[in-house]
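Okay, thanks for coming, everyone. I'll put the structure up and then walk through a few parts of it.

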Amino acid sequence: MSEQTSNTIVQQSERLPGWQADWIWGTGPDSPRNEWRCFRKSYSLPPQPGTAGSVNSASVRITADSRYVLYVNGTLVGRGPVRSWPFELRYDEYEIGHLLRPGDDNVIAVLVMHYGVSTFQYLRGRGGLLVQVDPGAGCSHTSDIVSDGSWKTAVHAGHDANSSRISCQLPFTEIYDARTWDEDWVNPGFDDSGWAPARVIGPAGIKPWVKLVERDIPYLTEEPIYPSRVESLAAVRPAAWTAVFDVRGLLQPESADHANNVIFTAYMATVIRLAEPVSFTIGIVDEGRVPAKISLNGTWYGREAFTGEVPERYLKVELEAGDHFLLLDVSAHCHGHGFHLGFDCDAPFVLVNPLGNQATDSDVPRTAFAALGPFDWVEVIDHQEQRELQSDPAYEQARTLASAEELVGFGAWIKPVEQAYLNSTDVFGACVWKTAEMTYPVPYDLQNAVIAGPNAAVIPVYEGLDTEFVIDFGRELSGYVTFDVDAAEGTIVDMYGFEYMRDGWKQITYQLDNTLRYVCREGRQTYTSFVRRGLRYLMVTIRNAARPVKLYEAHMRQSNFPVAEIGKFHCSDANLNEIWNISRHTTKLCMEDTFVDCPAFEQAYWVGDARNEALVGYYVYGVKSIVERCLRLVPGSEFQTPLYADQVPSGWNSVIPNWTFFWTSACYEYYVYSGDQAFAEAIWPHIRLTLDAYLLKLDERGLLNMKGWNLLDWAPFEQPRDGVVTPQNMFFVRALRHAAQLAAATSHAEEAERYGSVAERLRDAIDTHLWDDARQAYVDCVYPDGRLSGTISMQTQVTACLCGIPRGERLALLERYVLEPPSAFVQIGSPFMSFFYYETLASMGRYDVLVDDIRTQYGAMLEHEATTCWEMYPASGKFYNEKMQTRSHCHAWSAGPAYFLGAYVLGVRSSTPGWTKVTVAPQPVGLAWARGTVPLPSGGRIDVSWRADAASRRFQLRVSAPRGLELDIQAPEGYELSLERVELG
């Protein structure tokens, strides 16, 4: 068999028109776990008469599974592809003619990062790269540059494939050894003779990538942002040994194909071998979804035996010399979070695999741990029925194990823990669990680390300890960490990004392993991380330094959807100005290739969040393409469920009904904003499909009654996963009404009437069955057994008003609740819910209450030096520590003030689809003056400035807008208007 044949897979597939390139990969598994694979194509270009050393025009089309980084002649050209469904994969196109060198050697180099597991942004496919160079005029000689078997490939030896998951939402942490890889591989002239030919896996059009679609949004920015200062300095010592386990992947390898929760019962075991008696500490560094349940030599330790602040748990025991059998009950309801385990003592110890030399079915490298189980497991899909987890007698029997020898009777359940599921370079554990820490004043020269310039910061060295310093970027950022360092070979640079610290207390990002390890080669070197991360603070720890380390700079390559800051707001209240600013900055950081919930913890496109984020985006940036992209992605989840998934594209088949209802409303609102009739026509069948699927779940009372993640707000009110959830029914009414309006706008008159009628019947059912006369409010839910909720919440009463449920006396009563929330009601727990509260207040004309609440709630964020908007309010009760104010410190679902201040204080709102007619109706709300800008969807903007004289009741208003735009200008109630109208164009 020839070399070319041996590296080619012939598959029957119709090649997509316009594509000559083949999908290529390397040898080994089709979908390897956490593999970084490099590809190169070297070729010569003949001289081009009349050119000045570059090709007139040439472009490259490229896509990959899972992500790529493209270089041409050593220059980084781009990263991609944007998140998309595998059956409708996006590709990118870049102009590269200016980078090609006629009469010389050229190279196209691509790093492909294949996850090998499904995440909240990606569904597992298989490793693959597709590249095609398309020549421009006079460049026909480049037409044969397509991915095929002539390309060379090698696994990137600098990347540790055993790194662990960042979180259940994201792929893998970054552990990079610069000693083992030549960074020159992206340049012409690199010797790739030791690389293998690429393996052809099929033409463009092969499964799972049966359709290729051109990128539909601009490329993301990469802008260098430098830090503000070095915040702190310390000498530290980590625990003696830390590691992180992928327990879910270990016990249920098939779970790599999805991101659903898995419930299982199982154990892990090892033997701790000691040469002398010691005090030995076992640490569960991030208890997360795997509880701390430990047995030593047959003795189980209850939670009362552990110290440490949850979720850090530490067990200190006195151990004699010899072998000690450690059994960990790792039974859990697990989404894929890492299980961080550590050991520490003052004497040497060895971990020994309890299986000894026992033969197993696996020939993969084993670690010092063995797994018992799973004794049973269940995949959980929240809107589907599932069987109960079975209690196997062997699971209960295994609890009595007291030594490795006793494992013999459990041969059917035992397997070694493979290296792929154990990351023994646990940077998170090493950064969080410190057995020694001494703080020092920050010397001024160390501030050179944050200054762009030729002066280096010399990192202090402390004998027997590591050096830790925290860099403050001054505000939340999102992108790729870059640094320039001079160090001895083998020096370790650990980096850990987090969002908040105050008075020396750091808010650890439990269940988010936001770390990077870089092992230095000798001399000066630079590195830019390949993994996107969000942070404000960067903890840098220098370990194993044989000589002083010089840090020349560290900065962030800020990366987000490209936007111009068209929207503006400025007024006589400085706090409102800052609240508007942090709302704008939050929105930008949460705009990647879709809206994302947060740049740090998840980077996931949550469908319901994006509805509010879209409204904010309209007012601060005037963007449409990212909104349309988000809306069009949602129906791709139909193969998972006709109810549509709550985050897409994702391997987690989860449904939050409200999120689908918000998506329906967002589709209608996008039509109103853009006036795009073609979009409305295209999206309508998908809206009809999912709403009809929900209508099948109405019960005999006419109420939506279903299993699912029936969420609305992070607050302690009753929103069970089964039964009738009242605000969910109310938002269904609103979605049906918006669907009826969209149907009418797209000439679907019969369907408009049908959905309008269904909405009114559901409204009547809510008013009949979910009102509690005794408590004079709508109940929060009705359980499957008929019980009414014990809680009465503001969430439900606010939603009722917003969705037009109550009438007459009930409406008047609920409006009083909205204006003066009863203390006995559960209060709003997140700024996301506040968005609906503010919409309700606006509908009531109570702009004063709206702005006062913004001042109060967001003012508390400013008091804590927030530079972005929080995910939760402290009252949500979701926190493990009284110092903790929120989980995520950057959540665009919370950026509502940027919308409401523009729409109501400036008073700029659309009156017709496409904003062909615009209302300008400012509201003083106690302010002396305000000015600002609102972008128009068709281009241009409206500038508004006003000054209110409360004593004379005069209102001076200046409005600047494009000529021909119809304006409906309204004075605030009780004021005499003095208007200056400026027409542009």
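**Strands, odd peptides and empty space**

Let me start with one strand pair: strand S9, residues 152-155, runs antiparallel to S11, and the two are joined over 2 bridges. If you want one pair of residues to click on, Thr153 sits opposite Ala196 in S11.

Before I go on, keep in mind that this is a predicted model. The chain has an average pLDDT of 95, and 96% of its residues score at least 70. The stretch to watch is residues 1-12, where pLDDT stays under 50 and the model has 17 contacts beyond four places in sequence. Where pLDDT is low, the coordinates should not be read in detail, so I'll leave that stretch alone.

Back to the sheet. S9 and S11 belong to an open sheet of 6 strands, ordered S5-S4-S7-S2-S9-S11, and the pairing is antiparallel. Its edges are strand S5 (75-80) and strand S11 (196-197), each with pairing on one side only.

Two spots around these strands are worth zooming in on. One is the peptide bond between Asp65 and Ser66, which is cis, with omega at about 20 degrees. Ser66 lies in the loop that links strand S3 (58-65) to strand S4 (67-72). The other is Asn34, a residue other than glycine with a positive phi, near 55 degrees. You'll find Asn34 in the loop between strand S1 (22-25) and strand S2 (35-45).

While we're on cis peptides, there's also the bond from Gly373 to Pro374, with omega near 10 degrees. Pro374 is within a strand, S26, residues 366-380.

Now a second sheet. Which order do the strands take in the open sheet of 5 strands? That order is S39-S46-S47-S48-S50, and here the pairing is mixed. Strand S39 (568-571) and strand S50 (976-984) are the edges, each pairing on one side only. On average, neighbouring strands in this sheet are turned by 10 degrees against each other, ignoring direction. For a parallel example, take S48, residues 954-962, which pairs with S50 over 9 bridges. There, Leu957 has Leu979 in S50 as its bridge partner.

Okay, on to the empty space. The largest pocket holds about 1100 Å³. It is lined by 44 residues, and Arg289, Gln511, Glu602, Trp714 and Arg887 come closest to its centre. By class, that lining splits into 22 nonpolar, 12 polar and 10 charged residues.

Then the closed spaces: how many cavities of 30 Å³ or more does the structure hold? There are 8 of them. The largest has about 120 Å³ of space. Of its 14 lining residues, Glu499, Tyr500, Arg536, Glu865 and Ala866 are the closest to the centre. Strand S33 (501-502) and strand S37 (533-543) are the elements that give two or more residues to this lining. The class split for the largest cavity is 5 nonpolar, 4 polar and 5 charged.

The second largest cavity has about 90 Å³ of space. It also has a lining of 14 residues, with Arg67, Ser84, Pro86, Leu89 and Tyr122 closest to the centre. Its lining divides into 8 nonpolar, 3 polar and 3 charged residues.

That's what I have, so let's rotate it and take questions.

Methods:
Residues are numbered from 1 along each chain as its sequence is written. This is a predicted model: local features need pLDDT of at least 70, side-chain atom pairs count only at pLDDT 80 or more; totals for chains, interfaces and linings use all residues. Side-chain values use heavy atoms; hydrogens and water are left out. On a 1 Å grid over the protein atoms alone, a cavity is a set of points where a 1.4 Å probe fits but cannot get out, and a pocket is an open set with protein on both sides within 12 Å along at least five of seven lines; lining residues have an atom within 4 Å of a point. Grid points are joined across faces, edges and corners, and a volume is the space filled by probe spheres set on the points. Helices (H or I, at least four residues) and strands (E, at least two) are DSSP runs, numbered from the N terminus. Ala, Val, Leu, Ile, Met, Phe, Trp, Tyr, Cys and Pro count as nonpolar, Asp, Glu, Lys and Arg as charged, and the others, Gly among them, as polar. Two strands pair if DSSP finds at least two bridges between them. Axes are lines fitted to C-alpha atoms, for helices over the stretch in contact, and angles run from 0 to 180 degrees between N-to-C directions. pLDDT is the predictor's confidence in each residue, from 0 to 100. Contact means heavy atoms within 4.5 Å.
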